[in-house]
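Work through the exercises below with the sequence and the model at hand. Try each task before reading its solution.

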Amino acid sequence: MAGNSHGHTPAAWTGVIIAFIGFCISGAFTVLAQPIGVVAGLVVVALGGVVGMAMRAAGLGQAKPHNRAGAQPQGQAS
């Protein structure tokens, strides 16, 4: 697991930071008993996912592995 760069991309960091901010907004408005603020925070959380996927589609995410058809992944025996 240490050999891969799982989540160490601009797309992943940006999506997680936006979602975390939305989580904080929702949490604060939950304590304040303001349902509109809670919903607004949840919208920001969803926006974080959309932004992360858009950035990945723009090439800022982790590259997909290019395995040959029928090839076994490293470390697995047939």
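**Exercise 1. Count the helices and strands in the protein chain, and state what share of its residues is buried.**

Solution. The model is predicted.
Step 1: the protein chain has two helices and zero strands.
Step 2: the helices are H1, residues 10–31, and H2, residues 35–60.
Step 3: of the 78 residues in the chain, 13% are buried.
Step 4: the chain exposes about 6,200 Å², and 69% of this area comes from carbon and sulfur atoms.
Step 5: among contacts in the chain with a separation of 6 or more, 57% join residues 24 or more positions apart.

**Exercise 2. Check the length of H1 against the span that its 22 residues should have.**

Solution.
Step 1: the expected span is 1.5 Å times one less than the number of residues.
Step 2: for the 22 residues of H1 this gives 32 Å.
Step 3: the end C-alpha atoms of H1 are 32 Å apart, which agrees with the expected span.

**Exercise 3. Find the buried residues of H1 and work out how they are arranged around the helix axis.**

Solution.
Step 1: a residue counts as buried when its relative accessible area is under 20%.
Step 2: in H1 the buried residues are Ala11, Gly15, Gly22 and Ser26.
Step 3: viewed down the axis of H1, these buried residues fall within an arc of 40 degrees, so they line one face of the helix.
Step 4: H2 is included in what covers the buried residues of H1.
Step 5: on the face of H1 turned away from the buried side are the exposed residues Trp13, Val16, Phe20 and Val31.

**Exercise 4. Describe the nonpolar patch on the surface and say which helix supplies its largest share.**

Solution.
Step 1: the patch is formed by Trp13, Ile17, Phe20, Ile21, Phe23, Leu42 and Val45.
Step 2: together these residues have about 740 Å² of accessible area.
Step 3: H1 and H2 each supply at least two residues of the patch.
Step 4: the largest share, five residues, comes from H1.

**Exercise 5. Classify two patch members, Phe23 and Ile21, as buried, partly exposed or exposed.**

Solution.
Step 1: exposed means over 50% relative accessible area, buried means under 20%, and partly exposed lies in between.
Step 2: Phe23 is in helix H1, and its relative accessible area is 58%, so Phe23 is exposed.
Step 3: Ile21 is also found in helix H1; its relative accessibility is 45%, so Ile21 counts as partly exposed.
Step 4: Ile21 can also be placed relative to Val44, which is 23 residues away in sequence, with a C-alpha to C-alpha distance of 7.5 Å.

**Exercise 6. Is Thr9 buried or exposed, and which residues does Thr9 contact beyond its neighbours within four places in sequence?**

Solution.
Step 1: Thr9 lies in the segment before H1.
Step 2: its relative accessible area is 11%, so Thr9 is buried.
Step 3: leaving out neighbours within four places in sequence, Thr9 is in contact with Leu60, Gly61 and Gln62.

**Exercise 7. What is the phi of Ala33, and where does Ala33 lie?**

Solution.
Step 1: Ala33 lies in the loop between H1 and H2.
Step 2: the phi of Ala33 is positive, about 55 degrees, although Ala33 is not a glycine.
Step 3: this positive phi occurs just after H1.
Step 4: with a relative accessible area of 57%, Ala33 is exposed.

Conventions:
Residues are numbered from 1 along each chain as its sequence is written. This is a predicted model: local features need pLDDT of at least 70, side-chain atom pairs count only at pLDDT 80 or more; totals for chains, interfaces and linings use all residues. Side-chain values use heavy atoms; hydrogens and water are left out. Helices (H or I, at least four residues) and strands (E, at least two) are DSSP runs, numbered from the N terminus. Buried means under 20% relative accessible area, exposed over 50%, partly exposed in between (1.4 Å probe, protein chains only). Contact means heavy atoms within 4.5 Å. Accessible areas come from the Shrake-Rupley method with a 1.4 Å probe; for residues, only the protein chains shown count as cover. Patches are made of residues with over 30% relative accessible area and no salt bridge: like charges are joined within 9 Å, nonpolar side chains (Val, Leu, Ile, Met, Phe, Trp, Tyr) within 5 Å. A salt bridge is a side-chain nitrogen of Lys or Arg within 4 Å of a carboxyl oxygen of Asp or Glu. The arc is that of the directions from the helix axis to the C-beta atoms.
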